[in-house]
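Work through these exercises with the model open. Each task is followed by a stepwise solution.

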Amino acid sequence: MARTKHHSAGPALRVDAAATLVAAARAVATKRGLITDPFAEPLVRATRIGFFTRLIDGELDIFDLGDDAALARMIELFAVRSRFFDDFVATAVGHGIRQVVILASGLDARPYRLWWPPGTAVYELDQPSVIEFKTGVLRQLGATPTVNRRAVGVNLNQDWPAALRRVGFDGGEPGVWIAEGLLSGVLSPEAQDRLLDNVTALSAAGSRLAADHMPTGIQSWAEREQTLAERWRHHGLEIGLTGLTYAGRHHDVGEYLAARGWETATSNLADLFAATGLPRLRRDDLANIPVSQRYVTATRRSRHRGAAGDAGQSA
Ligand SMILES: C[S@@+](CC[C@H](N)C(=O)[O-])C[C@H]1O[C@@H](n2cnc3c(N)ncnc32)[C@H](O)[C@@H]1O
C-alpha cells in the first residue's frame, strides 16, 4: 500500500505529523500540570507548523478538532499514555535493566527529561529525519541527555536490529522495549509482525516490553483520517495528515507476544486513568470515550520452546 511518511513542515523542516501531534498534546498536558515534558513545546514550535503552535497557545480549541469524544479528550489520553510508559521504564530500570530501546521515539525526550541510573543506555529509533530534527533542536536549546543516549535514524521496515547492535545493544542481556503509538497501524500488519519477531529475537530472558495498540476490528485512524484531515485543514493544518496509518488486520499484540515466549498482561484506558497519581486525571469521566486502545506489558520468559516465530532465545 502506497503511503507518505514525511510531510513538508515549513521551509526547511521535515518531521512526522503524527509525532508532532502527540508532542503538541504533551506540551498542552505539561501546561495543565498533568505531566512534565518541558521539551515538547520547544520541539513543536521548532516544526513551525502553525496549527500545532496555535493548539499549544490555546488559540485553537481542542473541541474544534472533531466531534468525537476521544479527540476532545486527546490531551488527557496522551498524558496518561506518556505516564504509563514513563512508569514502565522507571520500574524496569529499577529492577536493574540497563538497556532501553524506544521504538519510534518521535519527539518524545525521555533520554533528556527522565532520571536514569548510572550505566543505563537508551536507544532511540525513528526515521532519520525525525532523529536529526529532535537531536538538532535539543542541542540548540542547550539540553543535554541525562543518560547515555544512542539515537539511531533508521527505517523500522528495514534491518534496524543490525543498526541497533552496531551502536552497542547487547541481545545477550535483558533490555526494555517501548513502542508508544507505533503498533496502532503505523506499520503494515506484516511489518508489525516482523518488528515483534525482531524484538523477540533480541530479547534475553527477563527483557520487558510495553506497547499500546488498537484491537482488531476497532475503527482505526486510517478509517477516520480523511474526515479529520479535511476538518483540520479547515483550521489551517498545512501538512498532510492522510496516509499516516495502514488499515488492515493487525495481530493482537498481547496474543502475538504470548505465543512467542512472553508473559503478557493487557490494560485498558480506564486502568491507566485509575493508576495515575493525578486526581484530576482520575476524576476524568471516561463514559463517553471509546475506550478502545489496549496497553500491553510483557516479560520475556526464561525458557520457551516450540512456539511459532520464536527465535530460540533461552536462558
Ligand atoms: C504516533 S508517532 C509516536 C511518536 C512517539 N512514540 C510519541 O509517542 O510521541 C509515530 C512515530 O513512528 C515513526 N515511524 C513511523 N514509521 C516508521 C518507520 N517505518 N521507521 C521508523 N520510524 C517510523 C514516526 O516517525 C513517528 O515518530
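## Exercise 1: Polar contacts of the ligand

This is a predicted model. Start with a backbone contact: a nitrogen atom of the ligand lies 2.8 Å from a backbone N or O atom of Leu156.

**Task.** Find which arginine side chains have an N or O atom at 2.9 Å or 3.1 Å from a ligand oxygen. Then state how much of the ligand's accessible area the protein covers.

**Solution.**
1. Take Arg26. An N or O atom in its side chain is 2.9 Å from an oxygen atom of the ligand.
2. Take Arg81. Here the distance from a side-chain N or O atom to a ligand oxygen is 3.1 Å.
3. Apply the cut-off. A polar contact needs a pair of N or O atoms within 3.5 Å. The Arg26 pair, at 2.9 Å, meets it. The Arg81 pair, at 3.1 Å, meets it too.
4. Turn to cover. On its own, the ligand has 590 Å² of accessible area, and the protein covers 96% of that.

## Exercise 2: The shell around the ligand

**Task.** Describe the shell by element, by residue and by class.

**Solution.**
1. Look for elements that give two or more residues to the shell. They are α1 (17-31) and β4 (176-183).
2. Rank the contributors. α1 gives the most, with four residues.
3. Count the residues. The ligand is surrounded by 20, and the closest are Ala104, Asp126, Gln127, Leu156 and Glu180.
4. Sort by class. Eight are nonpolar, six are polar and six are charged.

## Exercise 3: Helix packing

**Task.** Classify the α1–α2 pair and the α2–α7 pair by angle and handedness.

**Solution.**
1. Start with α1 and helix α2 (residues 40-47). Their axes come within 8 Å and cross at roughly 135 degrees. α1 is therefore oblique to α2.
2. Add the hand. The α1–α2 crossing is left-handed.
3. Move to α2 and helix α7 (residues 128-140). Their axes are 10 Å apart, at an angle of about 115 degrees. So α2 and α7 are roughly perpendicular.
4. Add the hand again. The α2–α7 crossing is right-handed.

Note on methods: Residues numbered from 1 in each chain as written. Predicted model: local features only at pLDDT ≥ 70, side-chain atom pairs only at ≥ 80, totals over all residues. Heavy atoms only, no water. Near = heavy atom within 4 Å. Polar contact = N/O pair within 3.5 Å; in protein donor to acceptor, adjacent residues only side chain to side chain. Areas by Shrake-Rupley, 256 points an atom, 1.4 Å probe, with all protein chains shown as cover. Helix = DSSP H or I, 4+ residues; strand = E, 2+ residues; numbered from the N terminus. Nonpolar A, V, L, I, M, F, W, Y, C, P; charged D, E, K, R; others polar. Axes fitted to C-alpha atoms, helices over the stretch in contact; angles between N-to-C directions. Parallel < 35°, antiparallel > 145°, perpendicular 65-115°, else oblique. Left-handed = near helix turned anticlockwise from the far one by under 90°.
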